[in-house]
Amino acid sequence: MTVDPNAATQSWPSPETGRRPGPARYLIPALVAAAVAVALGAYGKVHDPTGTAFNLAGFSSTGAVKSWLATVAFFFAIVQLVSALMVYGKLPGPSWSATLHRWSGRVAFLVAVPVAVHCLYALGFQSYESRVLWHSLLGCFFFGVFSAKMLLLRSERLPGWLLPIVGGLVFTALTILWLTSALWFFRTFGVTT
């Protein structure tokens, strides 16, 4: 059995109300997304990078910590994708697919936050090569679109296609972030701890 995460959002107002919700209701999540992305980018650009923000015992460098945390976040993002496909009935899955989807998203976000803090505080918004520029831009975009997704989850009467699109943007941004940071680090310095 699949669970539709939009079940409460798919009913339209009765004909007595005479109004369908307009696209203006998406303006606030879009503005919040833009504000979060711009604020993170602006902070990263004007902040003087410190070179390091944290290190964990057992790791050889902050780059290794960041890469492994990003890899854990990316793993849970893949769990998010698969569980979303189960929730929407595109893949067979257990009855607890929706719970798996929610909790894997929470874990992915919580693991991604220290990575973002390190990037912003220790490195700032960088643009000295295309890989780094894309990474900086997509890091800001990721947290912006994630904010919009969280706001849209609480909206009523969403079109059925909207959350999968926004969730896909979150997943795509995190995938490219992982490719331009953790994978690059592992290929350049080796798979170290």
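This report describes the fold of a predicted model, its second largest pocket, and the surroundings of several residues.

**Overall architecture**

The protein has five helices and zero strands, and the order of these elements along the sequence is α-α-α-α-α. Of its 193 residues, 38% are buried. When contacts are taken between residues at least 6 apart in sequence, 74% of them join residues that are at least 24 apart.

Helix α2 can be checked against its expected length: with 26 residues at 1.5 Å a residue, α2 should span 38 Å, and because its end C-alpha atoms lie 37 Å apart, the model agrees with that expectation. Just after α2 comes Gly89, whose phi is positive, at about 80 degrees.

**The second largest pocket**

The second largest pocket has a volume of about 750 Å³. It is lined by 37 residues, and those closest to its centre are Lys66, Cys119, Leu123, His135 and Ser181. At least two lining residues are supplied by each of α2 (62-87), α3 (97-123), α4 (130-153) and α5 (162-189), and the largest share, nine residues, comes from α3. Sorted by class, the lining consists of 23 nonpolar, 12 polar and two charged residues.

**The loop between α3 and α4, and the start of α4**

Ser127 is located in the loop between α3 and α4, and with a relative accessible area of 41% it is partly exposed, because that value falls between the 20% and 50% cut-offs. Leaving aside neighbours within four places in sequence, Ser127 is in contact with Lys45, Val132 and Leu133. Of these partners, Lys45 is 82 residues away from Ser127 along the chain, yet the C-alpha atoms of the two are separated by 9.7 Å.

Arg131 lies in helix α4, and its side chain takes part in two polar contacts that can be set side by side: one joins it to the side chain of Glu129 at 3.3 Å, while the other reaches the backbone oxygen of Thr180 at 2.6 Å. Thr180 also appears, together with Trp184, among the residues in contact with Arg131 once neighbours within four places in sequence are set aside.

Ser136 is likewise a residue of helix α4, and it counts as buried because its relative accessibility is 10%, which is under the 20% cut-off. The side chain of Ser136 reaches the backbone oxygen of Gln126 at 3.1 Å, and Gln126 is also one of its contacts, alongside Gly124 and Phe125, when neighbours within four places in sequence are left out.

The polar contacts described for individual residues, including that of His101 discussed below, are collected here.

| Side chain | Partner | Distance |
|---|---|---|
| Arg131 | Glu129 side chain | 3.3 Å |
| Arg131 | Thr180 backbone oxygen | 2.6 Å |
| Ser136 | Gln126 backbone oxygen | 3.1 Å |
| His101 | Ser83 side chain | 3.0 Å |

**Contacts between Lys149 and His101**

Lys149 is found in helix α4, and although its side chain carries a charged group by class, Lys149 counts as buried because its relative accessibility is 12%. Beyond its neighbours within four places in sequence, Lys149 is in contact with Gln80, His101, Leu163, Val166, Gly167 and Val170. Gly167, one of these partners, is 18 residues from Lys149 in sequence, and the two C-alpha atoms are 6.9 Å apart in space.

His101, for its part, is placed in helix α3, and it touches Gln80, Ser83, Ala84, Val87 and Lys149 when residues up to four places away are not counted. Gln80 is therefore a contact of both Lys149 and His101, because it appears among the partners of each within the 4.5 Å limit. With Ser83, the side chain of His101 also makes a polar contact of 3.0 Å. Phe76 lies 25 residues from His101 along the chain, with a C-alpha separation of 9.3 Å.

**Val32 in the first helix**

Val32 belongs to helix α1 (residues 27-46) and is partly exposed, because its relative accessible area is 30%. Residues up to four places away in sequence aside, Val32 touches Ser147 and Leu151. The C-alpha atoms of Val32 and Ala148 are separated by 6.5 Å, although the two residues are 116 apart along the chain.

Conventions
Residues are numbered from 1 along each chain as its sequence is written. This is a predicted model: local features need pLDDT of at least 70, side-chain atom pairs count only at pLDDT 80 or more; totals for chains, interfaces and linings use all residues. Side-chain values use heavy atoms; hydrogens and water are left out. On a 1 Å grid over the protein atoms alone, a cavity is a set of points where a 1.4 Å probe fits but cannot get out, and a pocket is an open set with protein on both sides within 12 Å along at least five of seven lines; lining residues have an atom within 4 Å of a point. Grid points are joined across faces, edges and corners, and a volume is the space filled by probe spheres set on the points. Helices (H or I, at least four residues) and strands (E, at least two) are DSSP runs, numbered from the N terminus. The expected span of a helix is 1.5 Å times one less than its number of residues. Buried means under 20% relative accessible area, exposed over 50%, partly exposed in between (1.4 Å probe, protein chains only). A polar contact is a pair of N or O atoms within 3.5 Å; within protein, one must be able to donate a hydrogen and the other to accept it, and residues adjacent in sequence count only if both atoms are side-chain atoms.
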